[in-house]
Amino acid sequence: MKKILKDKVALMCLIILAIIILLGIFAPIISSYNPLEGSLTQKFKSPSLKHLLGTDYLGRDTFTRLIYGVRTTLFLSVATMIPTILIGLIVGLVSGYFRGIIDEILMRFCDVMMSFPSQVMILAIIGALGVGIRNVIIANIAVKWMWYARMIRGNVIRQNDKNYILFSKAIGAKTAYILKKHIIPLIMPELIVLITLDMGWMILSISTLSFLGLGVQPPVPEWGAMLSEAKNVISTRPEQMLIPGLAIVITVAAFNLLGDSFKDNQ
């Protein structure tokens, strides 16, 4: 952790992400406007002290919708990542530790699922389940957990032949103890790197699906949905797309650079 804090790029990314997260958490305190309510008499107002980033085509405060969008975009990405990681961790540990027929069945299933392009699979699942953020989350989990399972399995296999693991097995240590005390702590650094890098992918996935009208539905503030609403006035009000677009770019870039820094400092 000390190496990360000494890395200026990583430190800057941590500060940026901390600010974004705090803006989302304290959005009701930071802004007194309702992100869902607007006034047609206030539409397309220029940035001012009253409206820091102006207003949109319905007169809603853009800054308010942007910071409330953190809750939707970023927090939904986290909510999607947690079950994805847990499923991948369980499958990877079971497959890599026990090997044999269990490993063959689980990995062949992963191979089949991973042979399809992830975005095509996500669209297919949403098409079958229907439009909505719940189904977007389910689709992303269903597509992504195999990548974690494969990575974790490979790490577990590498650790299985270490002397202290073999010694623990020889003295009769329970499987749960070996996994908890030895293997999981060893694979955690690489897992953190992958999680950090994948957060950017997850944000882009949720925002893209919302932009296409398959995820978060209006009038809920979400960066991809805000882009979708702004595309209708791109020729006259390009700043309406620029604001949520920059929010996505900055957040994704911060996660990616932070993940690279974790990887370099392992």
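## Charged side chains, an enclosed helix and two spaces

D111 and R108 form a salt bridge in which the closest N and O atoms are 2.9 Å apart. The structure is a predicted model, and this pair is a convenient place to enter it. Both residues belong to helix α5, which covers residues 100-114. Three residues separate them, about one turn of the helix. D111 has a relative accessibility of 30%, which means that it counts as partly exposed. R108, at 39% relative accessibility, is likewise classed as partly exposed.

A second salt bridge joins the side chains of D198 and K144, with an N to O distance of 3.6 Å. D198 is part of helix α9 (residues 175-211) and K144 is part of helix α7 (residues 133-160), so this pair ties together parts that are 54 residues apart in sequence. Both D198 and K144 are buried. In total, the structure holds twelve salt bridges.

Another of these pairs is D56 and R60, whose side chains meet at 2.8 Å, N to O. D56 has a relative accessible area of 6% and is therefore buried. R60 counts as buried because its relative accessibility is 2%, where the limit is under 20%. The pair does not stand alone: D56, R60, R65 and E229 are linked in a network of salt bridges.

What, then, is the situation of D61, which is buried yet has no salt bridge? D61 is placed in the loop between α3 (27-30) and α4 (62-98). The nearest side chain of opposite charge is that of R65, 9.0 Å away. A salt bridge requires a side-chain nitrogen within 4 Å of a carboxyl oxygen, so a separation of 9.0 Å does not qualify. The side chain of D61 does have a polar contact of 2.8 Å with the side chain of H51. Apart from neighbours within four places in sequence, D61 is in contact with S31, Y33, K50, H51, L52, G54 and T55.

The loop between α3 and α4 also contains E37. E37 has a relative accessible area of 55%, which means that it is exposed. Its C-alpha atom is separated by 29 Å from that of I126, a residue 89 places away along the chain. A second pair of this kind is D260 and L194, which are 66 residues apart along the chain and have C-alpha atoms separated by 9.5 Å. D260 is found in helix α11, residues 239-264, and is partly exposed, at 37% relative accessibility.

E229, a member of the salt-bridge network, leads to helix α10, which spans residues 223-230. How many of the eight residues of α10 are buried? Eight of the eight are, so the helix is largely enclosed by the rest of the structure. The buried residues are W223, G224, A225, M226, L227, S228, E229 and A230. Among the elements that cover them are α2, α4, α9 and α11. At the N-terminal end of α10, E222 acts as a cap: one of its side-chain oxygens lies 2.7 Å from the backbone nitrogen of G224.

The next topic is the space left between the atoms. Rolling a probe the size of a water molecule over the atoms reveals where empty space remains. The structure holds one cavity of 30 Å³ or more, and the largest cavity contains about 100 Å³ of space. Its lining consists of F44, D56, Y57, T62, R65, M226, E229, A230, V233, Q240 and P244. D56, R65 and E229 thus appear both in this lining and in the network of salt bridges. At least two lining residues come from each of α4, α10 and α11. The largest contribution is that of α10, with three residues.

The largest pocket holds about 250 Å³ of space. Its lining has 14 residues, of which I20, L23, L66, A247 and I250 lie nearest the centre. The elements that supply two or more residues to this lining are α2 (8-25), α4 and α11. Which element gives the most to the lining of the largest pocket? That element is α11, with six residues. Helix α11 therefore has several places in this account: it is one of the elements covering the buried residues of α10, it supplies at least two residues to the lining of the largest cavity, and it gives the most to the lining of the largest pocket, so its six residues there complete the picture.

How values were computed. Residues are numbered from 1 along each chain as its sequence is written. This is a predicted model: local features need pLDDT of at least 70, side-chain atom pairs count only at pLDDT 80 or more; totals for chains, interfaces and linings use all residues. Side-chain values use heavy atoms; hydrogens and water are left out. Helices (H or I, at least four residues) and strands (E, at least two) are DSSP runs, numbered from the N terminus. Buried means under 20% relative accessible area, exposed over 50%, partly exposed in between (1.4 Å probe, protein chains only). Lys and Arg count as positive and Asp and Glu as negative; His and the chain ends are not counted. A polar contact is a pair of N or O atoms within 3.5 Å; within protein, one must be able to donate a hydrogen and the other to accept it, and residues adjacent in sequence count only if both atoms are side-chain atoms. Contact means heavy atoms within 4.5 Å. On a 1 Å grid over the protein atoms alone, a cavity is a set of points where a 1.4 Å probe fits but cannot get out, and a pocket is an open set with protein on both sides within 12 Å along at least five of seven lines; lining residues have an atom within 4 Å of a point. Grid points are joined across faces, edges and corners, and a volume is the space filled by probe spheres set on the points.
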